[in-house]
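Subject: the two-chain model

Hi,

Here is the model I promised to pass on. Have a look at it first, and then read on for what turned up.

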Amino acid sequence: MEFFANISLGLETALSPVNLLYCFFGVFVGTLVGVLPGLGALAAISMLFPMTFHLEPTTALIMLAGIYYGTAYGGSTASILLNIPGTTSSAVTCLDGYPMAQQGRAGVALAMTAVASFFGGVFGILVLSMFTPVVAAWALSFGPAEYFALMLLGLVAASAISDASLVKGLAMVVLGVLLATVGMDPQSGTARFTFGSLSVLDGLSISALAMGLFGVAEIIASIRNTETRRLDPKAISLRSLMPKRDDFNRSWLPMLRASTIGSLFGTLPGTGPTVAAFVSYGLEKRLSDEPEKFGKGAVEGVVAPESANNAADQTAFIPTLSLGIPGSATMALMIGALMVHGIHPGPNLVTQQPSLFWGLVMSFWIGNLLLVILNLPLIGLWVRLLSVPYHLLYPAILMFVCIGAYSVHYSAFDVLVVMGFGALGYAMRLFGMPAAPLLLGFVLGPLIEQHFRRAMVLARGDFSALIERPIAGSVLAVTGLVLVWSIWSGSKASARLKERRLRIEDED
Amino acid sequence: MKLMSMALAALALAGGTAFAQDFPNKPVTIIVPYSGGGSTDLVGRQLAHELQQIWGQPVIAENRTGAGSMIGTAHVAQSAPDGYTLLVNTPAVATAPAVQKDLPFDPKADITPIGMVATSPYMAVAGAAVQSTNFKDFITEAKDRRMFFATAGVGTSSHFTEELLIQQAGIEADIVHFSSGGDAQVNLMGGHADVYISNTASVMPYVNNGQVKALVVLGSERYDLLPDVEASAEAGVAGIDVNSWVGLFGPGGMDPALVDKINADLHTALASESFQKVLSDNFVLAGKDNATEFKAQVEAEMDLWKALAEERNIVAE
Amino acid sequence: MSRMDLREFAGGLSLTLLGAAFAVHAGTNYAIGTVTRMGPGMVPVILGTLLALFGVVLVVGAFFRAPKSGEIRIFVPLVILGAILAFALLIRPFGLFPAVFACTVIATFAEMTFRPIASLILATVLSVAAWLIFVVALQLPIALVNWPV
């Protein structure tokens, strides 16, 4: 009964005209910022943060949260249309979203993304509203050992993400981890590979890496390329934008699995939507009957990461609100917006500020609904973007990439990093080396290294103490099983491939 | 860069008091070397807001994060000492240079301390795995079971104050570096680490929510704003005489008249009702020092932490 | 099998050199530590070595592969990277308009057709768009036109 009382209290708060207005404003800005490459939720929220001084805390949080999950909706648009991730967490969406667009199925990809984002968001909100206290207590039991085990599992599960040869894929993961070691080592204070430069002391910017590796390299390869087909605007009918029944049939199970994974990673501070998107993509590829279709425009490869990152965005509020622990810099700003008004989020927030908590949760429902309503009609508009001649489009993309990279820290150096990674990205294309595993290594590598080193300090150098911890031990065991299984299934797949090739040669 | 700022300093000196009286006649930027939403950011933004009222010129708070505040600090150190680029920072301005080598500036010569904005003692908090409820018992417990001291990162003030406490209390303990103060405290709550030390603004929200236990304030006396928490000297742990603070700084070589003017305006800002509320919300007191006193304190701390870093061998290889 | 795959050979060789550079630099400059008490050099040394080994595998494999065709561009990447470089060099000292303008004009050269009027129009349009989106709408604190002091 109390549950329904809470819901009606929340709806009452969220549906007040002021809150509704700011919710709409938030998700609108979020979508816009998400579409622009490089400009992420953090930049948008930092910009609007001063506004929160003059707003009611609930209204302020509703607006900031709207920006936050709104960017996840918008982030995939540029990934699908231009092969340039609008946000880091939507980089995985490039892998199948862009091939879909090249096959003339951009509208379908965008529509399925909206559906998947909504599904993931709603799933995350359900977890948030029903299990917050339980999940928060559970997240506390995760120490460095557990994080290490889980991140290792993530790496192993997502390692099969690319289509390239095993050696090239692994080499790129390793290169990604190596690039992530640049900067000050958090365990010793040693500056690694900075060569005395202060600009890289804090590490290479992940958004600069993603934009250079995916975006700039894509531009270089597409200019004056006869294969870069332009779309005839007249060919875009409402019908061609609509997903078919088959698209839905293929998608609902991946969306469910990905939302579960996303919700899990969202609740753990410091891991976040990008990891969730990678892991869910890797899992779907492994579970699929036709893994060879991934990377060539499989709809599952679009809906899985998008459900996962949106679910993670919602459940990230669990540690933020119930422990007062921000999982990311963006979440720290959310807490800051409350602190300005003298509210310190913690275990008592739900009972002491029920209208804030439930109002926020209900605003998530409304915000997600608004996002779908906002995004579906925009699809037609976005797809028309593809009919703009490329010689006009690429300088504009380049400009957005440059300003986006610059705006993260207002540092010209970050723009140079984009240039460097653009060169690397193009070289990798020439050598047939995949970019996604590099990004995966870049995201997960430092987490694995730092958590392992912390765990070893806490275990006083005793490796067996790490395995004896129930959660860490079982996750490591699962990791081992996945590893064995993937080697076994990998060898089976290559045997199958060889057999097929032999048969073809015979027929020749 | 260096030459240019020295030339500018000479120019400023020549201009003398007239220059200071004219200040400011264009927008001023206050660099906050920490990310948004934290306690230093809150104080820095409030300061920018109040100074804007006093000066009648836009005062912009800009977050330049990274490397334990050293990226933002270096930016200010390399700016012109005309008062239009200022910095708010914590004792990290003294602790970080004690571990980070190759900083592109001299923390004493290239930074001008202008005044203290806010101050509070350091407080040690204990996590779920610690049984004791008072500091004396805690020391006994720590001698019995080697404890884990969680820091907000290498070279942060939490790291250095923990080393100092371990040294002065005569206990053996392990230091574990986490990625932030929040990260350190969530590991305390989960019982993965035992103790964390930071300023009151960073730990009190979690103490008030019952997520961590207030163990002790470092120093010889109890803290006026939190009289129920015992002081470390009461349990016989002496020789810890450091407080946490947030200070206002400028680039090295600023005109003394300009420094005094900004210091005076800082105190006007601090006296306002809205600033007082922000300070009391964060369990901190307004700073009272003039620029010379503050400079002496900052430089004394730089020497103290540098000596401790060498003594306890915490300098990065 | 008559000819080796030169491109694969070059790629593998680059990885080997890159990995070795990482490993050697880390090994000589940073503390390695032990597996249970890892120093800052441990991960770069292990992974650098691993990367170098992967590179060797590719180099060896290249001798047993037929060469793949595919265009290798030199001019286009140089122009595009140059456009980004121009933006990076101009944005702080000179401001948004000069940076966007230079970036756009240089980028249009990648088309290999010289259309001065068209590229100037495009640069103007994009400068105004950048101003409207980033400065007017999003309120980013970026100077429009600066003169370095």
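A term you'll need straight away: I call two residues in contact if their C-beta atoms, placed from the backbone, lie within 7 Å. Bear in mind that this is a predicted model, so local features need pLDDT of at least 70 and side-chain atom pairs count only at pLDDT 80 or more, while totals for chains, interfaces and linings use all residues. Residues are numbered from 1 along each chain as its sequence is written, with chains lettered from A and ligands numbered from 1 in the order in which they are written.

**Where the chains meet**

Chain A puts 40 residues into the contact with chain B, and chain B puts in 40 residues as well. On the chain A side, α15 (329-339) and α20 (436-458) each supply at least two residues. Helices here are DSSP runs of H or I with at least four residues, strands are runs of E with at least two, and both are numbered from the N terminus. The largest share of that side, six residues, comes from α15(A). By type, the side of chain A that touches chain B has 22 nonpolar, 16 polar and two charged residues. For that split, Ala, Val, Leu, Ile, Met, Phe, Trp, Tyr, Cys and Pro are nonpolar, Asp, Glu, Lys and Arg are charged, and the others, Gly among them, are polar.

**Chain A overall**

Chain A has 22 helices and two strands. Its C-alpha atoms fill a box of roughly 75 × 65 × 50 Å along the principal axes. The radius of gyration of chain A is 22 Å, which agrees with the value near 23 Å for a compact globule of 508 residues; it is taken over C-alpha atoms, and the globule rule is 2.2 Å times the number of residues to the power 0.38. Of the 508 residues in chain A, 62% count as buried. Buried means that 20 or more other C-beta atoms lie within 10 Å of a residue's own, exposed means 12 or fewer, and partly exposed is in between, again with C-beta atoms placed from the backbone. Among contacts in chain A with a separation of 6 or more, 80% link residues 24 or more positions apart.

**Domains of chain B**

The domain assignment splits chain B into domain 1 (26-119 + 243-311) and domain 2 (121-235); bounds like these come from an automatic or database domain assignment. The C-alpha centres of the two domains of chain B lie 25 Å apart, and each domain gives 17 residues to the contact between them. On the domain 1 side, α4 (92-99), β9 and α11 (291-311) of chain B each supply at least two residues, with the largest share, five residues, coming from α4(B). That side holds nine nonpolar, eight polar and no charged residues.

**Strands and helices of chain B**

β9(B) (residues 243-251) has eight of its nine residues buried, so the strand is largely enclosed by the rest of the structure. For pairing, I ask that DSSP finds at least two bridges between two strands. β9(B) runs antiparallel to β3(B) (residues 85-89), joined by three bridges, and Asn89(B) has Gly247(B) as its bridge partner in β9(B). β4(B) (residues 111-126) is also antiparallel to β9(B), over nine bridges, with Ile111(B) opposite Pro251(B).

What about β1(B)? Four of its five residues are buried, so β1(B) is largely enclosed too. β1(B) pairs in the parallel sense with β2(B) (residues 59-63) over five bridges, and Thr29(B) has Ile60(B) as its partner in β2(B). Three bridges also join β1(B) to β3(B), again parallel, where Thr29(B) stands opposite Thr85(B).

Helix α3(B) (residues 70-77) has seven of its eight residues buried, so α3(B) is largely enclosed by the rest of the structure. Among the buried ones are Met70(B), Gly72(B) and His75(B). The buried residues of α3(B) pack against β1 (28-32), β3, α4, β4 and β9 of chain B.

By contrast, Ala271(B), in helix α9 (residues 256-271) of chain B, is exposed, with 11 other C-beta atoms within 10 Å. The C-alpha atoms of Ala271(B) and Glu50(B) are 10.0 Å apart, though 221 residues separate them along the chain.

Cheers
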